[in-house]
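Please read the model below alongside its sequence. The walk-through takes a few loop residues in turn and then turns to confidence.

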Amino acid sequence: MFNLTQCVIVMDRRWISNPDRLSAEYEKGVGEFVTFVRGSLDVQGLTKCPCNRCMNREVHHIDSVRYHLLIYGFLKDYIHWTEHGEQSNPQVPLGSPIQDTPPCMNDQDDEMAEALRDAAGHAYDIWSSSDLLSDMRPPAEQARYDKLFEELHNPLYDDCMKFSALTFIVKLMNVKVLYKWSDRSFVALLKLLHEALPVGNRCPRTYYETRKLLCDVGLGYEHIDVCKHDCTLFYNEHKDDDVCPICGVSRYVWKKIPHKRLRYFPITPRLKRLYSSKHTARAMRWHKEQRLEEDGKLRHPADGEAWKKFDSLYPEFAGDPRSVDVWSRALYGNI
């Protein structure tokens, strides 16, 4: 009898190495894999899962496999789907080369992509007609991450195999911070690199361009003007005041230049970022899920009397390992 799985021709599977699991290309590729595998399922609809976590060692329902592939990614070296009924050496049509990684992608770009995915967050619903619900992210935020993933996929210059544009910029900024380069020296280096690299390179020419790109993935902060004598913050109901409501001193030194200014780092988006990463989210729940309690030993603030007292006062709040209450615990501990 004719068996389709024994004469399958490998299509273009470069989507497997695409680090952006939010892309339409990757989602379409996962759909093609699921369609292919449905022909070899057992009576319960189970099959091996080739995600980066299960690595073809665990068996799940096909819907769960699809969910895993969208969350954890597809095994990069699993190009020939031999564990799912494909022959070991299928034909490869001309014009559809199979590559383990895109030309400019390497391990450091994979790490960068993972960080971007954590920053972007995910919204999945395996029971929906579309597993990827990108509509849940504001359009402006989605556009920022689309731009960053584009820079991650673009080589620094044509045929560059070591750096993507984004990876190069991040490493360059890291060196600047480590060795405390001045902004002027950094701009001079950028100009020299832009001239030295091949024509059409994506090296930024100014410090402003560099910061503008990197700010899209950062968490940012707010500027708040402060009274010269530290009496008040020009914030909320005082944000439009020109003089301090307490001492009466002018808010500005000259025109719209304030005497003092502080940087406010909002805590809410930072907590969201901690829980958007599978790595830091696990660490945030460690005190509840993995911590071993031993009498007389203080390994974590949760072992302290203040923490335990707070938990006894608010058992419903304390029962959720994801609950974060910084100020109440700190204040209670100081009482």
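Met 55 has a relative accessible area of 36%, so this residue of the predicted model is classed as partly exposed. Met 55 sits in the loop that joins β1 (46-48) to β2 (59-61). Its phi is near 55°, which is a positive value in a residue other than glycine.

Asn 56 belongs to the loop between β1 and β2 as well. Here phi is near 65°, again positive in a residue other than glycine. Is Asn 56 buried or exposed? Its relative accessibility is 13%, and the cut-off for buried is under 20%, so Asn 56 counts as buried.

The next loop to look at runs between β3 (222-226) and β4 (252-254), and Thr 232 is placed in it. Thr 232 counts as buried because its relative accessibility is 15%. Which residues does Thr 232 touch, once neighbours within four places in sequence are left aside? The contacts are Val 226, Cys 227, His 238, Cys 244, Pro 245 and Ile 246.

Arg 251 also lies in the loop between β3 and β4. With a relative accessible area of 8%, Arg 251 is buried. Two polar interactions of its side chain can be located in the model. One is a polar contact with the side chain of Asp 225, at 3.0 Å. In the other, the Arg 251 side chain reaches the backbone oxygen of Asp 241 at 2.8 Å. Apart from neighbours within four places in sequence, the residues in contact with Arg 251 include Asp 240, Asp 241 and Asp 242, together with Phe 234, His 238 and Lys 239. Pro 258 and His 259 are also among the contacts of Arg 251. His 238 is thus a contact of Thr 232 and a contact of Arg 251.

Confidence is the remaining topic. The average pLDDT of the chain is 76, and 75% of the residues score at least 70. Among the elements of the chain, helix α6 (residues 183-196) has the highest mean pLDDT, 93, and helix α13 (residues 326-334) has the lowest, 50. Over residues 122-136 the pLDDT is below 50, and this stretch makes 30 contacts in the model beyond near neighbours in sequence. Residues 331-335 also have pLDDT below 50, with four contacts beyond near neighbours in sequence. Where pLDDT is low, predicted coordinates should not be read in detail.

Methods:
Residues numbered from 1 in each chain as written. Predicted model: local features only at pLDDT ≥ 70, side-chain atom pairs only at ≥ 80, totals over all residues. Heavy atoms only, no water. Helix = DSSP H or I, 4+ residues; strand = E, 2+ residues; numbered from the N terminus. Buried < 20%, exposed > 50% of the residue type's maximum accessible area, 1.4 Å probe, protein only. Contact = heavy atoms within 4.5 Å. Polar contact = N/O pair within 3.5 Å; in protein donor to acceptor, adjacent residues only side chain to side chain. pLDDT = per-residue confidence, 0-100.
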